Amino acid sequence: MSTRLRTYYMDTALFDLADVIETAKERLAEVEFDTLVGTGFSGGIVIPALALAMGKKFVLIRKETDDSHHGGGQLLGELGERWIFVDDFVSSGRTRNRVINKIDDAARDYEMVTKFVGQYMYVNYSEEGPQFETAENSRTGYNW
């Protein structure tokens, strides 16, 4: 006998990953980007899986409060020229803004040019479902 331990906020990433991947392929088919960027535990599951399935690069950003042996705020992966922020949902925009700042800092440190082109929420609790929003049309928590 077994019991499925549920997280509720991460259930989609953990238990419906194949659907997350297929939906993202459909919703991002017309978006020009080469890198997926995100943070957090669910991001650590979804972003590499999406990148592998879509033939894209990815960057994971550890949270500032993560004091594990890996170091807080560390970036992992490969950053390309055009990137999208990927998360389960965006409410205040605080996490996205922190990610944008970290990527801007990394681009300066490595003397490269990279552009934030928008955000993809792989879980959207509205009838519309998961959505991509361009940087110019973002409706959540950030003044472009």
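Which helix has the lowest mean pLDDT among the elements of the chain, and which strand the highest? Let's start there and then work through some exercises on this predicted model.

**Exercise 1. Find the ends of the confidence range.**

*Solution.* Step one is to go through the elements of the chain: helix H1 (residues 11-15) has the lowest mean pLDDT, 71. At the other end, strand E2 (residues 57-61) has the highest, 96. Step two is to look at the chain as a whole, where the average pLDDT is 83. Of the residues, 80% score at least 70.

**Exercise 2. Describe the overall build of the chain.**

*Solution.* Begin by counting elements: there are four helices and six strands. Next, put them in sequence order, which gives α-α-β-α-β-β-β-α-β-β. Then turn to burial: of the 144 residues in the chain, 42% are buried. Last, look at contacts with a separation of 6 or more: 57% of them link residues 24 or more positions apart.

**Exercise 3. Place strand E4 among its neighbours.**

*Solution.* First, locate E4, which covers residues 82-87. On one side, E4 is joined to E1 by three bridges, and these two strands run parallel. Here Leu36 stands opposite Ile84 in E4. E4 also pairs with strand E5 (residues 115-121), again in the parallel sense, over six bridges. In this pairing Arg82 faces Lys115 in E5. Now check the cover: five of the six residues in E4 are buried, and the strand is mostly covered.

**Exercise 4. List the salt bridges and say where each one sits.**

*Solution.* A general idea helps first: side chains of opposite charge can pair when their charged atoms come close. The cut-off to apply is 4 Å between the side-chain nitrogen and the carboxyl oxygen. The search gives three salt bridges, and we can take them in turn.

- Glu22 and Lys25 form a salt bridge with an N to O distance of 3.7 Å. Both belong to helix H2 (residues 17-27), and because they are three residues apart, about one helical turn separates them. Glu22 is partly exposed at 42% relative accessibility, and Lys25 is partly exposed at 33%.
- Arg82 and Glu32 also form a salt bridge, with their closest N and O atoms 3.7 Å apart. Arg82 lies in strand E4 and Glu32 in the loop between H2 and strand E1, so this pair ties together parts that are 50 residues apart in sequence. Arg82 is partly exposed, at 26% relative accessibility, while Glu32 is exposed, at 57%.
- Arg108 and Asp105 form a salt bridge in which the closest N and O atoms are 2.5 Å apart. Both residues lie in helix H4 (residues 94-109), three residues apart, or about one turn of the helix. Arg108 is exposed at 57% relative accessibility, and Asp105 is partly exposed at 34%.

**Exercise 5. Search for aromatic pairs and describe what you find.**

*Solution.* The whole structure holds one aromatic pair. Trp83 and Phe116 make up this pair, with 4.8 Å from centre to centre and 45° between the planes. To name the geometry, recall that planes under 30 degrees apart count as stacked and those over 60 as edge-to-face, so the rest are called tilted. The Trp83 and Phe116 pair is therefore tilted. Where are the partners? Trp83 lies in strand E4 and Phe116 in strand E5, so the pair ties together parts that are 33 residues apart in sequence. Finally, compare their values with the 20% limit for burial: Trp83 is buried at 0% relative accessibility, and Phe116 is buried at 13%.

**Exercise 6. Explore the surroundings of Phe33.**

*Solution.* Start with its place, the loop between H2 and E1. Is Phe33 buried or exposed? At 5% relative accessibility, Phe33 counts as buried. Next, list what Phe33 touches, leaving out residues up to four places away in sequence: Leu28, Met54, Lys56, Arg82, Ile84 and Val117. One of these, Lys56, lies over the face of Phe33, at 4.5 Å from the ring centre. As a last step, pick a partner far along the chain: Phe33 and Lys115 are 82 residues apart, yet their C-alpha atoms are separated by 9.1 Å.

How values were computed:
Residues are numbered from 1 along each chain as its sequence is written. Side-chain values use heavy atoms; hydrogens and water are left out. Buried means under 20% relative accessible area, exposed over 50%, partly exposed in between (1.4 Å probe, protein chains only). Two strands pair if DSSP finds at least two bridges between them. pLDDT is the predictor's confidence in each residue, from 0 to 100. Rings of Phe, Tyr and Trp (its six-membered ring) pair if their centres lie within 6.5 Å; planes under 30 degrees apart count as stacked, over 60 as edge-to-face and the rest as tilted. A charge sits over a ring if NZ of Lys or CZ of Arg is within 6 Å of the ring centre and within 35 degrees of the ring normal. Contact means heavy atoms within 4.5 Å.
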